[in-house]
Amino acid sequence: MSQFAINIMFVGGSFLLYILIAIWAKAGSTKDFYVAGGGVHPVTNGMAIGADWMSAASFISMAGLIAAGGYANSTFLMGWTGGYVLLAMLLAPYLRKFGKFTVPEFIGDRFYSKNARLVAVLCLIVASVTYVIGQMAGAGVAFSRFLEVESTVGLMIAAVVVFIYAVLGGMKGITYTQVAQYCVLIIAYTIPAVFISMQLTGNPIPPLGLFSTHVDSGMPILDKLNQVITDLGFNEYTADIDNKLNMVLFTLSLMIGTAGLPHVIIRFFTVPKVADARWSAGWALVFIALLYLTAPAVASMARLNLMTTIYPDGTAAEPIQYDERPNWVREWEVTGLIQFTDKNEDGRIQLYNDVPAFQEQADARGWKGNELEVNRDILVLANPEIANLPGWVIGLIAAGGLAAALSTAAGLLLAISSAVSHDLIKGSINPAISEKGELLAARISMAVAIVVATYLGANPPGFAAQVVALAFGIAAASLFPALMMGIFSKRVNNTGAIAGMLTGLGFTLAYIFVYKGWLFIPGTNNLPDTPENWVLGISPLSIGAVGAIVNFAVAFIVSNATEEPPVEIQELVESVRYPRGSGQAQDH
């Protein structure tokens, strides 16, 4: 059986399962659509949260970024994991106690203002659409390779699949689909990692293999990797980071952005009571840890496998002939995500760090520039092929990568659609809308969001994990402070909250757009996105932490300069902080 046929069998079989689940769990009411009826078991919800959380950024892109940057990019792991602890401890149980469908609904009621609710809708849509761009880009990468089509075609296929099962099932369908997707993605991620760890280190447990001995050289595997890449002008894989300020701000941005992401928060509204929200968070951390403990090993082993593929003897002396390139390179070249240019016309592949500091050594070897461009998002998906694993493992990781991308895309699209239909249309424009009309509006807004995300996903402002980091920064600067102040401060009023959200969002978006392009449109950036152009060395990926500080400061200053919130609102804040029991999620 050909590899293409195996891929179709795994991907097609998993997708058929997802769609059948969506049909079985079709939402028949707004409560089903928004909160899956409010009766999801904590273990089920924890697994669904895990799938919702471990997106294309986690499955496809995070290991690729760590593989490319080494220790410097371990901030993705630290920020996302730490953020989940914040979410579980500081937000989830209190928001469940409040008992509403959506994040903007909480903000609107807590700050006793329709305008606050509308501003929260704006913040939610901007953060979620940015996040969906990364998911669609990741799904496009996976589809393009495993269906052997161009990446743009793969992106269009991904959009159609998401539309079918997300629009049909709502939260009820998405919840049970995500349980299936978690099972697929975690099996797909760990099985290839076990195979590759055994090949390279003889240790079947990837996290332990990362600190084991490289079988062929007898060296610790990280020392071997450092030796190979430093000989080609790259920094050591385990090298420390000079810009500690940016590292701290980036980690903080990911942490508080995680705690402010609406598509994760709404999952805690699906359980029967407050205690179940806490248990859901605990189970989710367990399920997430299975992948996050494995990712650093996958990253380092993928980087070593890639380098030793191009330089089989482990040194820079003799790169392979282009005509003798392995089949996996040929297959990925079809997608355009690997590109070779023979700059010195010697018929060999020179892969190295083409920087001024390495120029003298490159000239001595007759090299005229780096000749192989490898998209970082492909490393995890290509890893089984690089390591010559069986065809069924390649098919399995194809299904897993797509499950990761599409599960999170569906959750984000639900957050967007509920914000538009429930908070914007029902909450402000047409409060008398029927339940049937609200469901229709939710599905239409979800379809529009898919179209926008697909269009922008064709030219994303970075790799999947980088785009997702931008979304986290936006959520950190806009929604997280409002949620925290809404729960823990009786003094912050509606005027302060609105001013804080708008200032934090505006500041953060302006900084990002200066470097990434206005509205993420390619070519519209004012400055190149390079460290020497960043203000105080702060990356656009890290600015969300600064935006959050601005949000908090503005909200407190404005609130203290204006009237206190009404007594009943202060009493509401007091009651929410003691999460003993809760009502059903309410439709207002």
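Here is a short tour of a predicted model, from the whole chain down to one asparagine.

Because this is a prediction, local features need pLDDT of at least 70 and side-chain atom pairs count only at pLDDT 80 or more, while totals for chains, interfaces and linings use all residues. Residues are numbered from 1 along each chain as its sequence is written, and side-chain values use heavy atoms, leaving out hydrogens and water.

**The whole chain**

The chain carries 23 helices and two strands (DSSP runs, H or I of at least four residues for helices and E of at least two for strands, numbered from the N terminus). The table collects some overall values.

| Property | Value |
|---|---|
| C-alpha span along the principal axes | about 75 × 50 × 40 Å |
| Residues counted as buried | 61% of 588 residues |

The radius of gyration, taken over C-alpha atoms, is 24 Å, which agrees with the value near 25 Å for a compact globule of 588 residues (the rule is 2.2 Å times the number of residues to the power 0.38). Buried here means under 20% relative accessible area, with a 1.4 Å probe and protein chains only. Of the contacts (heavy atoms within 4.5 Å) between residues at least 6 apart in sequence, 81% join residues at least 24 apart.

**Zooming in**

Helix α14 covers residues 295-310. With 14 of its 16 residues buried, α14 is largely enclosed by the rest of the structure.

Where does Asn 383 sit? Its place is in helix α17, residues 379-386. Asn 383 counts as buried because its relative accessibility is 4%. Beyond neighbours within four places in sequence, Asn 383 touches Ile 196, Val 298, Ala 302 and Asn 305.

Definitions and conventions. Buried means under 20% relative accessible area, exposed over 50%, partly exposed in between (1.4 Å probe, protein chains only). The expected span of a helix is 1.5 Å times one less than its number of residues.
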